2 protein chains.
Amino acid sequence: MTRSTLSWAKTLGAMLMAAQLVVSQTANTPPPLTDAQKARVNRTVSVGYILFPGFEPLDVFGPLEILFSMSFYYNMSLALIAKEAGPVDARPPPHQMAAGAPPMDLSYMINPQVVATHTFENAPKLDLLLVPGGTGNLALAQHNDTSVERFIASRFNETEYVLSVCTGAVTLARSGILDGLRATSNKGAWVETTTVKSMTGGTVTWVPSARWVENPKVWTSSGVAAGMDMMYAFMKMYYGETNVDTLMNNIEYAPHTDASWDPFSVVHNVPGANKTRSLADCVGPVGYD
Amino acid sequence: MTRSTLSWAKTLGAMLMAAQLVVSQTANTPPPLTDAQKARVNRTVSVGYILFPGFEPLDVFGPLEILFSMSFYYNMSLALIAKEAGPVDARPPPHQMAAGAPPMDLSYMINPQVVATHTFENAPKLDLLLVPGGTGNLALAQHNDTSVERFIASRFNETEYVLSVCTGAVTLARSGILDGLRATSNKGAWVETTTVKSMTGGTVTWVPSARWVENPKVWTSSGVAAGMDMMYAFMKMYYGETNVDTLMNNIEYAPHTDASWDPFSVVHNVPGANKTRSLADCVGPVGYD
């Protein structure tokens, strides 16, 4: 097969190391804050993160690590929102991987649990609403349980932004809030993603190669780990300050900052994937480029 | 300042993209399993992850995402172990950042909670013991609370491996299990790390530039996100099969596979940091190099 330029990039990286090239660090002076950014800096931002049995752990705790660390700098509140308050299983409930497939019993998997603080009924007013993926959303769909979609649709107007990670985009699409918008999702679940039906009858333009996709009010990321890259870009835009750069270097994460980098669309043979660019991305500490 | 080669690497990455170079994907045939690997594949591996108030969320859920996904392929059990069973706060309790510093009240930060399933008294026999960092371990130390260290020391002989993420290495060092070994930790907490006293009087060789450090029985990673890269390398070694490669591409994480890459040691001005290599690392889907 001839689809990777990764080893070329790695070879060149090694050449760079051998040459010990050094370049100037550019001064990173951010532009002045917009009025919207100033307002966010000076208020308490209400964040809601949806949980359901079978949520993917890193879909929640990748972006949430960034939000948690940002709450050192900015006033935020956090509601972890599920059907019922209390512990929510990460272990997926029994479900089919696709219509007509045999039921899968994943009860042998390990089961970290996270505590939901609110229900769909008593969740506070939200500025930011985040929706993870995970195979648990297949189980909900197969039980015709639309409680998550109905919550999203009911809160959409009051929110400033809605963001999904991984197949959370499928849930957004079903809720109708992606009607007429561009979006992406986990590249290993592309058939599930692109065949989802909106409850309001609209259609979504699914972007086959994207680490994340931005619309004015709705951002969607590709699978699991892509949520961290989306959240870094989102926080840069949302607050317009450099605190998120500081914290990324404190949590020692070198984010992918090019939203069009998506080698996993090639790995998973997504129709229409961009196969013409390198699978590799060269990353390093933010603020040092 | 002249300490970054990141922009050079990015420029060359762009050149690679423009040239649309393609290379052959090498066949990734893993070597035959060792007896130890065969045994692990065929038994239930008992995993314990320590929690304490003020644990860093991604210190737990980065590596745990990989373990969680691996439990689809392999039989594992998981104990989340704390002083008391039940919800454990990620929000740090009041503490000083260093001896003599004013007390910090971080009660305004957001507070995801994870459910501890076991206590230090009733935790099962463990094959793998994982220890996260987080500023909560400063609070424990300032209250002369050594319950975590005593648990680690008491279970060390029965475990097959102990792994720490971020300043979890400080806890390992204090427990005595790093006496005479090489280790690393979060590069933004290097003074705290290198001045820690072992309860058993030994000394640790702290490695200033390392994404992670391997000893025969104890692995330690650098800060927060580095735990995912360590866990990928660890799972490759532990099971010796390619399932972890499959799952890394399913969770769309391109790991750093070079344990000596550590630009954050440069960012945080760690004494002895290797400043001669590129801050950038070119990463892509595993199995495609």
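This text follows two links between chains A and B, a helix pair and a disulfide, in a predicted model.

Start with helix α3, residues 57-70 in chain A and residues 57-70 in chain B. These two helices pack against each other at an angle of about 165°. Their axes lie 9 Å apart. Angles over 145 degrees count as roughly antiparallel, so α3(A) runs roughly antiparallel to α3(B). The crossing of α3(A) and α3(B) is left-handed.

Now look at the residues in this contact. From α3(A) come Pro57(A), Leu58(A), Phe61(A), Gly62(A), Glu65(A) and Phe68(A). They meet Pro57(B), Leu58(B), Phe61(B), Gly62(B), Glu65(B) and Phe68(B) of α3(B). By class, the contact holds 8 nonpolar, 2 polar and 2 charged residues.

Next, turn to the cysteines. The count over all chains is 1 disulfide. Its partners are Cys282(A) and Cys282(B), with sulfur atoms 2.1 Å apart. That separation meets the cut-off of within 2.5 Å. The pair crosses between chains. Cys282(A) sits in strand β14 (residues 281-283) of chain A, and Cys282(B) in strand β14 (residues 281-283) of chain B. A disulfide is a covalent bond between the sulfur atoms of two cysteines. The torsion about the S-S bond of Cys282(A) and Cys282(B) is about 95°, so this disulfide is right-handed. Both Cys282(A) and Cys282(B) are buried.

Finally, consider Cys166 in each chain. Cys166(A) has 4% relative accessibility, so it counts as buried. Cys166(B) is buried too, with a relative accessible area of 4%.

How values were computed. Residues numbered from 1 in each chain as written. Chains lettered and ligands numbered in written order. Predicted model: local features only at pLDDT ≥ 70, side-chain atom pairs only at ≥ 80, totals over all residues. Heavy atoms only, no water. Axes fitted to C-alpha atoms, helices over the stretch in contact; angles between N-to-C directions. Helix = DSSP H or I, 4+ residues; strand = E, 2+ residues; numbered from the N terminus. Parallel < 35°, antiparallel > 145°, perpendicular 65-115°, else oblique. Left-handed = near helix turned anticlockwise from the far one by under 90°. Contact = heavy atoms within 4.5 Å. Nonpolar A, V, L, I, M, F, W, Y, C, P; charged D, E, K, R; others polar. Buried < 20%, exposed > 50% of the residue type's maximum accessible area, 1.4 Å probe, protein only.
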